[in-house]
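Q: Hi! I have a structure open and would like to talk it through with you. Could you help me find my way around?

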Amino acid sequence: MKHPLPTASTSSNAISTSEQRTAVSAGQRQTSIIDFSKRPVTDKRRQQITDLLINFVVKDVRPLSALSGEGFRDIMKFFEPGYKIPSHATLWSNIMLQYNTVKARIANEMKDKSVSLTTDLWTSCTMDPYITITAHYITDTWEIKSRVLRSSRRTANNVLRNGFT
């Protein structure tokens, strides 16, 4: 059995070509490049990737289903083979946690401030009607802030059935 090309190494810990041949002939499998690329993902790295996925959905206003598509999963498998995309329920739970954190921060930021509300009726590029409610206020350092409180699709039936909410 002919062994693959020997590797040149200056390390004293390197396995010699004859040791490699002995290991291969003894039934031990040589590490392939694919196995080498599948490094384990640490808990810290896993959380960082999950946070980035959540930011992708939230900041780019993407559907959560974008993370379960076959093409997206192929990309993730290529870039981080050891990472498993969390379930829909886990991702949604993390999104709601982030939402509640931001909501509490904004409520605290607007506390004891004079707030002005505006509404905006607009149409999406697909001609769907929307209404957005925005809060405007001035911080203690005289910085003007605007925060979208709600944006929802409006139809005549929806307005009649649910009112403005």
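Q: Let's start with one residue. Is methionine 127 buried or exposed?

A: Happy to help! One thing to keep in mind is that this is a predicted model. Methionine 127 is exposed, with a relative accessible area of 64%. The cut-off for exposed is over 50%, so methionine 127 falls in that class.

Q: Ok, and where does methionine 127 lie?

A: Look at the loop between S1 and S2; methionine 127 lies there. S1 and S2 form a hairpin with five residues between them, and methionine 127 sits in the turn. Its phi is positive, about 70°, although methionine 127 is not a glycine.

Q: How do S1 and S2 pair?

A: They are antiparallel, with eight bridges. Strand S1 covers residues 116–123, and strand S2 covers residues 129–138.

Q: Which residue in S2 does tryptophan 122 stand opposite?

A: That would be tyrosine 130. Their rings also form an aromatic pair: the centres are 4.7 Å apart and the planes are at 15°, so the pair is stacked. Stacked calls for planes under 30 degrees apart, which is why 15° qualifies.

Q: Nice. How exposed are those two?

A: Both residues get the label partly exposed: tryptophan 122 has a relative accessible area of 34%, and tyrosine 130 comes in at 22%.

Q: How many aromatic pairs does the structure hold?

A: It holds three. Another one of them is formed by phenylalanine 78 and phenylalanine 79, and this pair is edge-to-face. The distance is 5.1 Å centre to centre, with 85° between the planes.

Q: Why do people quote both a distance and an angle?

A: Because a pair of aromatic rings is described by the distance of the centres and the angle of the planes.

Q: Are phenylalanine 78 and phenylalanine 79 buried or exposed?

A: Phenylalanine 78 counts as exposed at 65% relative accessibility, and phenylalanine 79 counts as exposed at 60%.

Q: Back to the strands. What does S2 join up with besides S1?

A: Strand S3, residues 144–153, is joined to S2 by nine bridges, and the two run antiparallel. Along this pairing, isoleucine 138 stands opposite isoleucine 144, and alanine 135 stands opposite arginine 147.

Q: What about the hairpin of S2 and S3?

A: There are five residues between the strands, and tryptophan 142 takes a positive phi near 65° there.

Q: You mentioned arginine 147. What is the C-alpha separation between arginine 147 and isoleucine 106?

A: Their C-alpha atoms are separated by 8.0 Å, with the two residues 41 apart along the chain. Isoleucine 106 lies in helix H5. With a relative accessible area of 15%, isoleucine 106 is buried, because buried means under 20%.

Q: Let's switch to empty space. How much of it lies in the largest pocket?

A: About 1000 Å³. The elements that give two or more residues to the lining of this pocket are helix H3 (43–59), helix H5 (88–110) and S3. H5 provides the largest share, with eleven residues.

Q: How many residues line the largest pocket, and which lie nearest its centre?

A: There are 23 lining residues, and Val58, Tyr99, Val148, Leu149 and Ser151 lie nearest the centre. By type, the lining divides into 15 nonpolar, three polar and five charged residues.

Q: And the largest nonpolar core, how many residues does it have?

A: It has 13 residues, and Leu53, Leu67, Met76, Tyr83 and Ile85 are those with the most contacts inside it. H3, helix H4 (70–79) and H5 are the elements that give two or more residues to this core. The largest share comes from H3, with four residues.

Q: Last one: what about the loop between H3 and H4, where valine 61 has its place?

A: Valine 61 has a positive phi of about 50° although it is not a glycine. Valine 61 is also exposed, with a relative accessible area of 71%.

Notes:
Residues numbered from 1 in each chain as written. Predicted model: local features only at pLDDT ≥ 70, side-chain atom pairs only at ≥ 80, totals over all residues. Heavy atoms only, no water. Phe/Tyr/Trp six-rings, centres within 6.5 Å; stacked < 30°, edge-to-face > 60°. Buried < 20%, exposed > 50% of the residue type's maximum accessible area, 1.4 Å probe, protein only. Pairing = 2+ DSSP bridges. 1 Å grid on protein atoms, 1.4 Å probe; cavity = no way out; pocket = protein on both sides within 12 Å on 5 of 7 lines; lining within 4 Å. Points joined across faces, edges and corners; volume = space filled by probe spheres on them. Nonpolar A, V, L, I, M, F, W, Y, C, P; charged D, E, K, R; others polar. Core = buried A, V, L, I, M, F, W, Y, C linked by side-chain atoms within 4.5 Å.
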